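Visitor: I am new to this structure and would like to learn how to read its features. May we look at it together?

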Amino acid sequence: MNISIIGTGYVGLVTGTCFSELGHNVICIDNDEKKVETLEKGGIPIYEPGLEEMIRKNREAGRLKFSSSIKDGINSADAVFICVGTPSRPNGEADLSAIEKVAIEIAEALNGYKLIVEKSTVPVQTGIKIKNTIELRKKQDVEYDVASNPEFLREGSAIYDFMHPDRIVIGIETERASKILREIYKGIDAPIVEADIESAEIIKHASNSFLATKISFINAVALLCEKSGANVEKVAEGMGFDKRIGKAFLKAGIGFGGSCFPKDVSAFIKIAERLGYDFALLREAKNINKKMKFHIIDKLKASIWNLKDKRIAVLGLAFKPNTDDMRNAPSIDIINALIKEEAEVVAYDPKAMDKASEVIENIKFATGPYEAIKDADAILILTEWEEFRNLNIQKVKSLLRTPVVIDGRNIFSPDEMKVAGFIYKSIGR
Ligand code: NAD
C-alpha cells in the first residue's frame with residue numbers, strides 16, 4: 001500500500017518506519033524542514049532504540065521517504081495517517097489546531113479516494129470534526145473515509161510495541177476503511193478491535209487515564225505504607241499476583257510524566273466536562289501525582305535541612321528510562337523547586353541532557369554519574385536508568401560530601417543502602 005504519515009515525531013516516525021518494514025511504501029511528512037533535512041541526510045531527530053537501523057534499511061530498500069509537503073506527499077497515497085501533536089492548552093483541554101491545519105491541507109490536496117486516519121490521541125468526536133473540515137474544504141468531488149487508529153506504543157520500546165501490540169484498535173464507518181486498515185496491519189499478529197470512531201477515540205483516552213490512575217493508586221498506597229511501616233513493594237507484589245489487578249503499573253515513585261499521561265488525563269477530564277460529566281476520579285489521580293513530586297523534596301529537606309547553597313546531584317532527567325523525551329518529566333518541576341530554594345543542581349542523564357537544557361535553566365550538567373555526585377550534599381534519583389542500578393555504591397559514598405540518597409524510583413534496597421552507611425529514603429518503604 002502507499003501510505004503517507006503526517007507528523008514525523010515519536011509516533012509518526014516509528015509508525016512510518018514500521019509500516020515500511022511491513023513492506024508498504026511510506027512517505028513521512030513534517031512541516032519542520034530541519035527535521036526532514038536531518039532524516040534525508042540519514043540522521044535521526046529522536047533517540048529510540050533500534051529505530052535508526054530500521055530507517056536506514058527501509059530507505060535503502062526504497063520503501064521509506066521523507067517530505068515537507070503534504071500536497072506532494074499524499075498524491076498517490078491510499079491511506080494518510082495524521083500523527084501530529086495534540087498538546088495541552090493551559091486549561092488542560094487538547095489543542096487540536098495542528099490536527100485541523102493538517103485536515104485542511106489534506107482536504108485541499110485530495111485527488112482521489114483516500115482513507116484519512118487519525119492516529120494522534122484526540123478527544124472523542126474529533127473524527128466528526130475532521131470529516132466536517134474535509135467536506136468543507138475539499139476542492140474535488142472525491143470519495144474518502146475517516147477512521148480512528150489510536151497508537152499505544154511506549155517510547156523506549158516503541159518498535160517492539162508497534163510490531164507486537166496487545167491489540168490494534170480501528171474505528172471505522174465503512175467496510176472499505178476496515179479492509180484497508182486490516183491490509184495495512186497484515187503481518188502483525190494481534191487481535192483487532194473494530195469499533196465506531198467515537199469508541200475508538202475513547203479507548204485511547206480511557207486506557208491512558210486508567211494506567212495513570214493505577215500509578216496514582218499505588219502512590220497513594222505508598223504514602224499510607226510510609227505512615228504505617230508497611231513496604232509498598234511487598235504490597236504491590238501481593239496485589240499484582242491477582243490476575244484481575246496485574247503486576248504492571250504498580251511501581252510507586254515520583255509519579256507519571258511524559259508527553260502522554262498528563263496531557264491525556266487532563267484532556268479526558270475536559271472532554272468529559274464538556275459532555276456534562278465530572279470525572280472527579282481522574283482529578284484526584286492528577287492531584288496525587290502532583291503531590292508525589294513535592295513529597296520527594298520534603299524527604300530531601302528532612303535529611304539535609306535547608307537547601308540554600310547545598311549541592312544536589314540529580315540522576316535521571318527523562319520521564320522514564322531509554323528515552324530522551326523531557327516533555328512533562330517530573331524532573332522539571334522538582335529541579336525548579338530546588339533552584340527556587342537556591343540549591344545548586346548538577347544533573348546527569350544518559351540521553352536527555354540536550355533536551356533538558358532547552359527546558360530547565362540554571363543547572364549544571366555532568367558528563368557522567370560520578371562527576372555529578374562529586375562533593376554533593378545529596379543524590380536525588382529521578383529516572384530508573386539501568387546505569388544507576390549498576391553504580392559502585394562505595395565509590396558513590398566516597399565522592400559525596402554527605403551520604404544522603406533520596407531514591408524517587410526505588411532502585412536500591414533500603415537494607416543494603418543502610419549497611420553501606422547511607423541515609424537512604426525511597427518511596428513507600
Ligand atoms: P511529536 O511532537 O514528537 O511529533 C509531532 C510532529 O508533528 C512534529 O514533528 C511536528 O513538527 C509535526 N507537525 C506539527 N504540525 C504539523 C503540520 N501542520 N504539518 C506537518 N507536520 C506537523 O509528537 P508525538 O509524541 O509523536 O505524538 C503525536 C501524537 O501521538 C499525539 O497526539 C500523542 O498524544 C500521540 N501518542 C504519542 C505517544 C508517545 O509515546 N509519544 C504514544 C501514543 C500516542
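The dialogue below turns to the ligand, the domains and one helix residue.

Visitor: What should I know about the model before reading it?

Guide: This is a predicted model, in which local features need pLDDT of at least 70 and side-chain atom pairs count only at pLDDT 80 or more, while totals for chains, interfaces and linings use all residues. Residues are numbered from 1 along each chain as its sequence is written, and side-chain values use heavy atoms, with hydrogens and water left out.

Visitor: Which residues come nearest to the ligand?

Guide: A residue is near a molecule if one of its heavy atoms lies within 4 Å of it. Here 26 residues surround the ligand, and Asp30, Lys35, Thr86, Glu155 and Lys263 come nearest. By class, this shell holds nine nonpolar, nine polar and eight charged residues; Asp, Glu, Lys and Arg count as charged, Ala, Val, Leu, Ile, Met, Phe, Trp, Tyr, Cys and Pro as nonpolar, and the others, Gly among them, as polar.

Visitor: Which side chain has an N or O atom 2.9 Å from an oxygen atom of the ligand?

Guide: A polar contact with a ligand is a pair of N or O atoms within 3.5 Å. The side chain of Arg327 makes the pair at 2.9 Å. Lys35 places a polar side-chain atom 2.6 Å from a ligand oxygen, and Lys263 likewise has one at 2.6 Å. The protein covers 89% of the 830 Å² of accessible area that the ligand has on its own (Shrake-Rupley method, 1.4 Å probe).

Visitor: How are the domains arranged around the ligand?

Guide: An automatic or database assignment sets the domain bounds, giving domain 1 (2-195) and domain 2 (196-429). Each of them gives at least three residues to the ligand shell. Their centres, taken over C-alpha atoms, are 32 Å apart.

Visitor: How many residues of domain 1 are in contact with domain 2?

Guide: Contact means heavy atoms within 4.5 Å. By that rule, 38 residues of domain 1 meet 29 residues of domain 2. Buried area is the accessible area (1.4 Å probe) that two parts lose on being put together, summed over both; here it is about 2,600 Å², 60% of it on carbon and sulfur atoms. Tyr47, Val124 and Glu155 supply 26% of the area that domain 1 buries against domain 2.

Visitor: Where does Ile339 lie?

Guide: Helices are DSSP runs (H or I, at least four residues), numbered from the N terminus. Ile339 belongs to helix H13 (residues 330-340). Not counting residues up to four places away in sequence, Ile339 touches Val345, Glu361, Asn362 and Ile363.

Methods. A polar contact is a pair of N or O atoms within 3.5 Å; within protein, one must be able to donate a hydrogen and the other to accept it, and residues adjacent in sequence count only if both atoms are side-chain atoms. Helices (H or I, at least four residues) and strands (E, at least two) are DSSP runs, numbered from the N terminus.
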